[in-house]
Amino acid sequence: MKKEIHIFFTALMFFTRIPCPKWVNHDPEYLRLSAKYFPLIGGIVGSIGAVVFYGFSFIFSVEIALLLSMFSTIYATGAFHEDGFADVCDGFGGGWTKDKILLIMKDSRLGTYGTIGILLLLSVKFAALREMEPYFIPLVIISGHTISRFIATTLIYTHPYVRDTDDSKAKPAAKSIGFSTLLISGVFGIAPLFLFKNPWIFITLIPLYLSKMWLGHKFKKWIGGQTGDCAGAVQQLSEVIFYLSILGLWKYIW
């Protein structure tokens with residue numbers, strides 16, 4: 001149990017800015033084993049966003065409450081996954097060989113593709129949530145953060161890690177994982193969907209996984225696998241697709 005607590009806090013420290021006990025560090029072995037807790041970390045981050053939205057919705061308009069909610073989740077993670085998405089946009093937008101793509105993604109500077117990509121992503125995320133009934137938004141935010149991190153975990157499971165350097169902080173977390181780790185991650189990722197109390201909600205898993213397969217195909221074709229940035233891009237895209245899928249269900253089925 002003590003080891004599992006250590007693994008959980010390792011994931012919490014790596015993927016968020018939430019304060020952790022001083023005895024927790026970025027131990028590569030614990031970080032490798034922490035993939036099963038990615039969706040749980042997402043649930044914590046999503047809960048922060050949900051609470052911020054709910055609280056500020058009594059004071060400000062829905063639009064302002066949503067923006068503050070998005071700010072809170074980005075701040076809680078240090079824009080960790082957003083940065084990965086932007087890096088992938090820059091790398092695959094501006095690179096034409098594996099080495100060039102990996103080099104661009106490793107560059108800390110933000111390029112045109114990354115800037116445009118992240119602005120559009122955040123805009124769609126905001127617009128999709130704004131279309132929903134306010135009472136419904138907190139649960140959707142929590143679920144979006146958990147299920148999207150599970151989908152990102154499936155990328156780590158199905159695609160090999162391709163960076164051959166040892167200086168990447170995300171390398172232990174992005175390396176291959178076992179089926180048992182994937183299964184536990186799935187339990188944490190899918191659990192919030194049951195709170196909708198509507199079986200139609202599980203249809204959202206179809207577009208989520210199809211989008212992951214599409215990105216995974218591009219990653220495999222151009223660089224031979226995935227990196228931590230690729231997993232971050234899958235998480236961000238999956239979160240947005242989940243929100244859009246909810247809107248589709250709301251309009252045509254529910």
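In this predicted model, Tyr 209 makes contact with Thr 154 and Thr 158, once residues up to four places away in sequence are set aside. Tyr 209 itself belongs to helix 11, which spans residues 205-223. The side chain is neither fully tucked away nor fully out in the open: with a relative accessible area of 33%, Tyr 209 comes out as partly exposed, since that value falls between the 20% limit for buried and the 50% limit for exposed. Val 234 lies 25 residues from Tyr 209 in sequence, and their C-alpha atoms are 9.9 Å apart in space.

Helix 11 also turns up in the surroundings of helix 6, as part of what covers the buried residues there. Helix 6 runs over residues 98-106, and its buried residues are Ile 101, Leu 102 and Met 105. These three sit on the same side of helix 6, because the arc they cover around the axis is only 95 degrees. Turn to the other side of helix 6 and the picture flips, with Asp 99 and Leu 103 exposed. As for what lies over the buried residues, the cover includes helix 5 (80-94) and helix 12 (228-252) along with helix 11.

Just ahead of helix 5 there is a backbone oddity. Ala 79, in the loop between helix 4 (62-77) and helix 5, has a positive phi of about 55 degrees despite not being a glycine. Ala 79 counts as partly exposed, because its relative accessibility is 24% and the buried class stops at 20%. Lys 197 is another non-glycine residue with a positive phi, near 55 degrees. This lysine is placed in the loop between helix 10 (179-190) and helix 11. Lys 197 counts as exposed, because its relative accessibility is 77% and anything over 50% goes into that class.

Then there are the aromatics. The structure has 19 aromatic pairs in total. Ring pairs tie Phe 8, Phe 9, Trp 23, Tyr 37 and Phe 188 together into a cluster. Phe 188 falls within the 179-190 span of helix 10, the helix that leads into the loop holding Lys 197. An aromatic ring also meets a charge in this model: the charged end of Arg 17 sits over the ring of Tyr 75, at 5.6 Å from the ring centre. Tyr 75 falls within the 62-77 span of helix 4, the helix that comes before the loop with Ala 79.

Key: Residues are numbered from 1 along each chain as its sequence is written. This is a predicted model: local features need pLDDT of at least 70, side-chain atom pairs count only at pLDDT 80 or more; totals for chains, interfaces and linings use all residues. Side-chain values use heavy atoms; hydrogens and water are left out. Rings of Phe, Tyr and Trp (its six-membered ring) pair if their centres lie within 6.5 Å; planes under 30 degrees apart count as stacked, over 60 as edge-to-face and the rest as tilted. A charge sits over a ring if NZ of Lys or CZ of Arg is within 6 Å of the ring centre and within 35 degrees of the ring normal. Buried means under 20% relative accessible area, exposed over 50%, partly exposed in between (1.4 Å probe, protein chains only). Helices (H or I, at least four residues) and strands (E, at least two) are DSSP runs, numbered from the N terminus. The arc is that of the directions from the helix axis to the C-beta atoms. Contact means heavy atoms within 4.5 Å.
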